[in-house]
Amino acid sequence: MATKIRLQRGGRKGYAVYRIVIADARAPRDGKFTEKIGTYNPNTNPATVDLNFERALYWVEVGAQPTDTVRNILSREGVYLMKHLKTGVKKGAFDEATAQKKFDAWKADKQNGLNKIAADDVKAKKDAEKQALDAEKKVNEAIAQKVAEKKAAAAAAKAEAAAAEAPAEEAPAEA
């Protein structure tokens with residue numbers, strides 16, 4: 001039986017969420033599958049992957065062929081790196097502990113990169129909010145200045161009207 005590691009679609013229209021499954025190569029995309037080994041949500045930034053690492057590694061080692069997208073996901077999660085390191089252990093290039101140290105170092109570096117991306121995203125959002133707030137303050141100041149000018153013009157007009165009425169009333173009183 002030719003097995004594939006593929007994505008099985010779920011979620012609602014416009015918001016797809018996928019299960020990473022082991023299926024017969026002849027089965028349809030959302031059809032019968034052998035085992036579910038994880039989930040993939042491309043709607044988050046960065047995309048969220050929940051993977052049973054040991055089962056994914058097992059299926060890759062026994063020859064299950066992943067689709068292109070799943071191959072990229074497994075590569076980013078380190079399944080192919082671990083397969084490569086295990087091959088090095090089998091050939092005697094290094095021992096199991098060294099392989100695990102290399103994998104852990106790679107995983108820590110990968111996590112630092114993801115944390116940096118998340119921190120940059122938060123910083124960009126804060127900067128955008130600050131710029132929007134500054135722009136809103138400028139608009140509010142301009143509106144307040146126009147309102148003050150209108151009030152000053154109205155007060156000046158009222159004062160002129162009052163000044164024009166006051167001499168007119170005083171003139172007949174003197175005569």
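The paragraphs below lead through this predicted model, beginning with its sheet and ending with its largest pocket.

The sheet is a good place to start. Five strands form an open sheet in the order 4-3-2-1-5, and the pairing within this sheet is mixed. Strand 4 and strand 5, the latter made of residues 65-66, stand at the edges with a single partner strand each, so one side of each is left without a neighbour in the sheet.

Moving through the sheet from the start of the chain, one meets strand 1, residues 3-12, which runs antiparallel to strand 2 and is joined to strand 2 by ten bridges. Among the positions that face one another here are K4 and A23, with A23 lying in strand 2. The two strands form a hairpin with two residues between them, and in that turn G14 has a positive phi of about 80°. As a background to this value, most residues other than glycine have a negative phi, and most peptide bonds are trans.

Strand 2, which covers residues 15-24, is in turn joined to strand 3 by five bridges, and these two strands also run antiparallel. Several facing positions help to trace this pairing by eye: I20 has G38 of strand 3 as its bridge partner, V21 has K36 of strand 3 as its bridge partner, and I22 stands opposite E35, again in strand 3. On the other side of the pairing order, strand 3 is joined by four bridges to strand 4, residues 48-51, and the two run antiparallel. Here T39 stands opposite D50 of strand 4.

Strand 3 deserves a slower look. This strand spans residues 35-41, and it is mostly covered, since five of its seven residues are buried. Is E35, a residue of this strand, buried or exposed? With a relative accessible area of 19%, E35 counts as buried, because the cut-off for that word is under 20%. The side chain of E35 makes a polar contact of 2.9 Å with the side chain of R55, and another, of 2.8 Å, with the side chain of W59. When its neighbours within four places in sequence are left aside, E35 is in contact with I20, V21, I22, R55 and W59, so that list includes I22, the residue that stands opposite E35.

N41 also lies in strand 3, and N41 too is buried, with a relative accessible area of 16%. A polar atom of the N41 side chain lies 3.0 Å from the backbone nitrogen of N43. Not counting residues up to four places away in sequence, N41 touches Y15, A16, V17, A47 and T48.

From strand 3 the chain passes into strand 4 through a hairpin whose connection has six residues. The loop between these two strands holds P46, and the peptide bond that joins N45 and P46 is cis, with an omega of about -5°.

Away from the sheet, helix 3 can be followed along residues 79-91. Its 13 residues reach 19 Å from the first C-alpha to the last, which is close to the 18 Å expected at 1.5 Å a residue. Which residues of helix 3 are buried? They are V79, M82, L85 and G88. A general property of helices helps in reading this list: an α-helix has 3.6 residues a turn, so residues three or four places apart point the same way. After helix 3 comes G92, whose phi is positive, near 90°.

The last stop is the largest pocket, which holds about 240 Å³ of space. Its lining is made up of P46, A47, T48, V49, R76, E77, K107, K110, Q111 and L114. Strand 4, helix 2 (68-77) and helix 4 (96-174) each supply at least two residues of this lining, and helix 4 gives the most, with four residues. Two residues already met return here: P46, from the loop between strand 3 and strand 4, is one of the lining residues, and A47, which N41 touches, is among them as well.

Notes: Residues are numbered from 1 along each chain as its sequence is written. This is a predicted model: local features need pLDDT of at least 70, side-chain atom pairs count only at pLDDT 80 or more; totals for chains, interfaces and linings use all residues. Side-chain values use heavy atoms; hydrogens and water are left out. Buried means under 20% relative accessible area, exposed over 50%, partly exposed in between (1.4 Å probe, protein chains only). A polar contact is a pair of N or O atoms within 3.5 Å; within protein, one must be able to donate a hydrogen and the other to accept it, and residues adjacent in sequence count only if both atoms are side-chain atoms. Contact means heavy atoms within 4.5 Å. Two strands pair if DSSP finds at least two bridges between them. The expected span of a helix is 1.5 Å times one less than its number of residues. On a 1 Å grid over the protein atoms alone, a cavity is a set of points where a 1.4 Å probe fits but cannot get out, and a pocket is an open set with protein on both sides within 12 Å along at least five of seven lines; lining residues have an atom within 4 Å of a point. Grid points are joined across faces, edges and corners, and a volume is the space filled by probe spheres set on the points.
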